[in-house]
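Please open the structure in your viewer and keep the sequence panel beside it. This tour suggests what to select next and tells you what is there.

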Amino acid sequence: MIRKLCINNRGLTAIEILVCFSIVVVIVMSMFKVVNNQRDKQVIESYKNSITTYKNSVTKTIEEDIRNNGGIKQVIKIDDDTDGDSSDISNNNTVKVEIQFQLRKGGVNRKLTIYKRYNCDEDYSDKCEDNNYIEYNYLDSSNKEVFKIPNIYNLRFNLIDVSKVGKDGEYLKIYVEFIHPDLGTKYSALNLIHPINSDIF
């Protein structure tokens, strides 16, 4: 006796198609989240690299100049328009901190100026990096170096601390800090401590 095999040729039901579609959607969404997170990590990493490059460039320029000219002989002026508290600049629209000092070799003068415009992230027509920069000026000539902050939206100077430190104020401290909402921590844009009128530097 030959049995006839019953073959179901009715195809997929609507429920089965819906289940398959749901599974595919879940897989695609999971993959999208993984790819998106990886992309965010790469962006943050590129921010950190840009900040490190900026800091190294500014530091190298200033330190090499000071070293090649025998160190700092004297600090001529520290002009701080943050009303004496350069560590709290969040309530000022524009900040300009200026340091003038004389180098030991040849008595040449230098000027370091830090500009910061607060709330630049609220003005979409004006880039932050055009308003926040460090300028190193060779007062004895027409040369100057301008270091605009990296082209990263919302990146800005946060803390600026310029002062004489040490028991008798024998060191010049210059510290500038970056802040960005996506970085999660603060990074220094410039961090220098140099002895004043000393052979050690």
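The tour goes from the whole chain to the helix, then to the two sheets, and ends with some single residues.

**Before you start**

You are looking at a predicted model, in which local features need pLDDT of at least 70 and side-chain atom pairs count only at pLDDT 80 or more, while totals for chains, interfaces and linings use all residues. Residues are numbered from 1 along each chain as its sequence is written, and side-chain values use heavy atoms, with hydrogens and water left out.

**The whole chain**

Begin with a cartoon view of the chain, where one helix and eight strands can be found. Helices (H or I, at least four residues) and strands (E, at least two) are DSSP runs, numbered from the N terminus. Followed along the sequence, the elements give the pattern α-β-β-β-β-β-β-β-β.

Now switch on the surface: the accessible area of the chain comes to about 12,700 Å², and 50% of it belongs to carbon and sulfur atoms. Such areas come from the Shrake-Rupley method with a 1.4 Å probe, and for residues only the protein chains shown count as cover. Of the 201 residues in the chain, 35% are buried, where buried means under 20% relative accessible area, exposed means over 50%, and partly exposed lies in between (1.4 Å probe, protein chains only). Among contacts between residues at least 6 apart in sequence, 55% join residues at least 24 apart; a contact here means heavy atoms within 4.5 Å.

**The helix**

Select residues 14-68, which make up helix H1, and look for Ile23 within H1. Is Ile23 buried or partly exposed? Its relative accessible area is 47%, so Ile23 counts as partly exposed. Add Ile15, Val19, Ile27 and Met31 to the selection, and together with Ile23 they show a nonpolar surface patch of about 500 Å². Patches are made of residues with over 30% relative accessible area and no salt bridge, with like charges joined within 9 Å and nonpolar side chains (Val, Leu, Ile, Met, Phe, Trp, Tyr) within 5 Å. A salt bridge is a side-chain nitrogen of Lys or Arg within 4 Å of a carboxyl oxygen of Asp or Glu.

**The sheet of five strands**

Next, colour strands S1 to S5, which form an open, antiparallel sheet in the order S1-S2-S3-S4-S5. Its edge strands are S1 (72-80) and S5 (144-148), each of which pairs on one side only. Two strands pair if DSSP finds at least two bridges between them. Zoom in on S1 and S2 (residues 94-103), which run antiparallel and are joined by seven bridges; one pair to pick out is Asp79 with its bridge partner Glu98 in S2.

Then select Glu135 in strand S4 (residues 133-138). Glu135 counts as buried because its relative accessibility is 9%. Not counting residues up to four places away in sequence, Glu135 touches Lys111, Leu112, Thr113, Lys144, Glu145 and Val146.

**The sheet of three strands**

Move on to S6, S7 and S8, which form an open sheet in that order with antiparallel pairing. S6 and S8 stand at the edges with a single partner strand each, so one side of each is left without a neighbour in the sheet.

S6 and S7 (residues 171-179) pair over eight bridges, and Ile160 stands opposite Val176 in S7. These two strands form a hairpin with five residues between them, and Gly166 in the turn has a positive phi of about 105 degrees. On the other pairing, S7 is joined to S8 by eight bridges, where you can select Glu177 with its partner Ser188, or Tyr175 opposite Asn191.

**Last stops**

Which residues does Tyr187 contact, leaving aside its neighbours within four places in sequence? They are Lys48, Ile51, Glu177 and Phe178. Tyr187 is found in strand S8, and Tyr187 and Ile51 are 136 residues apart in sequence but 7.7 Å apart in space, C-alpha to C-alpha.

Finally, compare two backbone angles, bearing in mind that most residues other than glycine have a negative phi. Asn154, in the loop between S5 and S6 (156-165), has a positive phi near 80 degrees, and Asn197, in the segment after S8 (187-195), has a positive phi near 55 degrees.
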